[in-house]
Amino acid sequence: QVQLVESGGGLVQPGGSLRLTCAASGSMFSIYFMGWYRQAPGKQRELVATITGSGSTNYADSVKGRFTISRDNAKNTVYLQMDSLKPEDTAVYYCHNLRLGHWGQGTQVTVSS
């Protein structure tokens with residue numbers, strides 16, 4: 001059973017930065033198509049960014065130029081660097097293994113002054 005554990009969320013002021021980490025258990029991590037999603041209160045879960053096993057990335061228009069997804073296959077880890085954060089980025093952020101359909105438990109990100 002592959003598990004995904006997110007960390008790095010918290011409270012940050014507008015314009016600030018956070019780095020989320022998703023640690024995956026199990027083998028064959030390097031071949032998995034991974035992503036970050038988010039869900040704000042009262043809204044549907046939405047795609048933030050994805051990354052293939054070889055490192056190709058894709059971003060939602062709302063975060064392009066501000067967020068960066070990356071991975072370290074040797075550490076079974078995916079990262080989401082979030083810069084220039086806005087109040088509308090407030091949400092629970094989830095790590096997702098798109099190939100296996102697994103989700104992490106989520107980490108709260110709150111952007112507020």
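F67 sits across from M82, a residue of strand β8. That pairing is a handy way into this predicted model, and one step along you find a second one, with T68 standing opposite Q81 of β8. Q81 has a partner in another direction too: R19 is bridged to Q81 in β8. Keep β8 in view, then, and look at what lies on either side of it.

Take the β7 side to begin with. β7 and β8 run antiparallel to each other and pair over six bridges. The two strands make a hairpin with four residues between them, and in that hairpin N76 adopts a positive phi near 50°. Now turn to β3: β3 and β8 are also antiparallel, and they too pair over six bridges. Put together, the strands give an open sheet of four, in the order β1-β3-β8-β7, with antiparallel pairing. β1 (residues 4-7) and β7 are the edge strands, each of them pairing on one side only. If you follow the sheet across, the twist averages 15° from one strand to the next.

How much of β8 is buried? Five of its six residues are, leaving the strand mostly covered. That leads straight to the nonpolar interior. The largest nonpolar core contains 28 residues, and the ones with the most contacts inside it are M34, W36, L80, M82 and Y93. Several elements contribute two or more residues to this core: β3 (18-24), β4, β5 (46-51), β7, β8, β9 and β11 (107-111). β3 gives the largest share, with four residues.

Y93 is worth a click in your viewer. Leaving aside residues up to four places away in sequence, Y93 touches a long list of neighbours, including L20, W36, F67, L80 and M82. So the two residues we started with, F67 and M82, both turn up in contact with Y93. Its contacts take in charged residues as well, among them E6 and R38.

R38 takes us to the charged pairs. Side chains of opposite charge can pair when their charged atoms come close. Across the whole structure there are four salt bridges. In one of them, the side chains of R38 and D89 meet at 3.0 Å, N to O. R38 belongs to strand β4 (residues 34-39) while D89 lies in the loop between β8 (77-82) and β9 (91-97), so this pair ties together parts that are 51 residues apart in sequence. Where do these side chains sit, buried or exposed? R38 is buried, with a relative accessible area of 6%, and D89 is buried as well, at 1%.

D89 has another partner. D89 also forms a salt bridge with R66, with the closest N and O atoms 2.7 Å apart. This link again spans distant parts of the chain: D89 is in the loop between β8 and β9, R66 is in the loop between β6 (57-59) and β7 (67-72), and they are 23 residues apart. Like D89, R66 is buried. Bring in E46 and you have a network of salt bridges linking R38, E46, R66 and D89.

For a contrast, look at K64 and D61, whose side chains meet in a salt bridge at 3.2 Å, N to O. K64 is partly exposed, at 48% relative accessibility, and D61 is exposed, at 64%.

Note on methods: Residues are numbered from 1 along each chain as its sequence is written. This is a predicted model: local features need pLDDT of at least 70, side-chain atom pairs count only at pLDDT 80 or more; totals for chains, interfaces and linings use all residues. Side-chain values use heavy atoms; hydrogens and water are left out. Buried means under 20% relative accessible area, exposed over 50%, partly exposed in between (1.4 Å probe, protein chains only). A nonpolar core is a set of buried Ala, Val, Leu, Ile, Met, Phe, Trp, Tyr and Cys residues joined through side-chain atoms within 4.5 Å. Contact means heavy atoms within 4.5 Å. Two strands pair if DSSP finds at least two bridges between them. Axes are lines fitted to C-alpha atoms, for helices over the stretch in contact, and angles run from 0 to 180 degrees between N-to-C directions.
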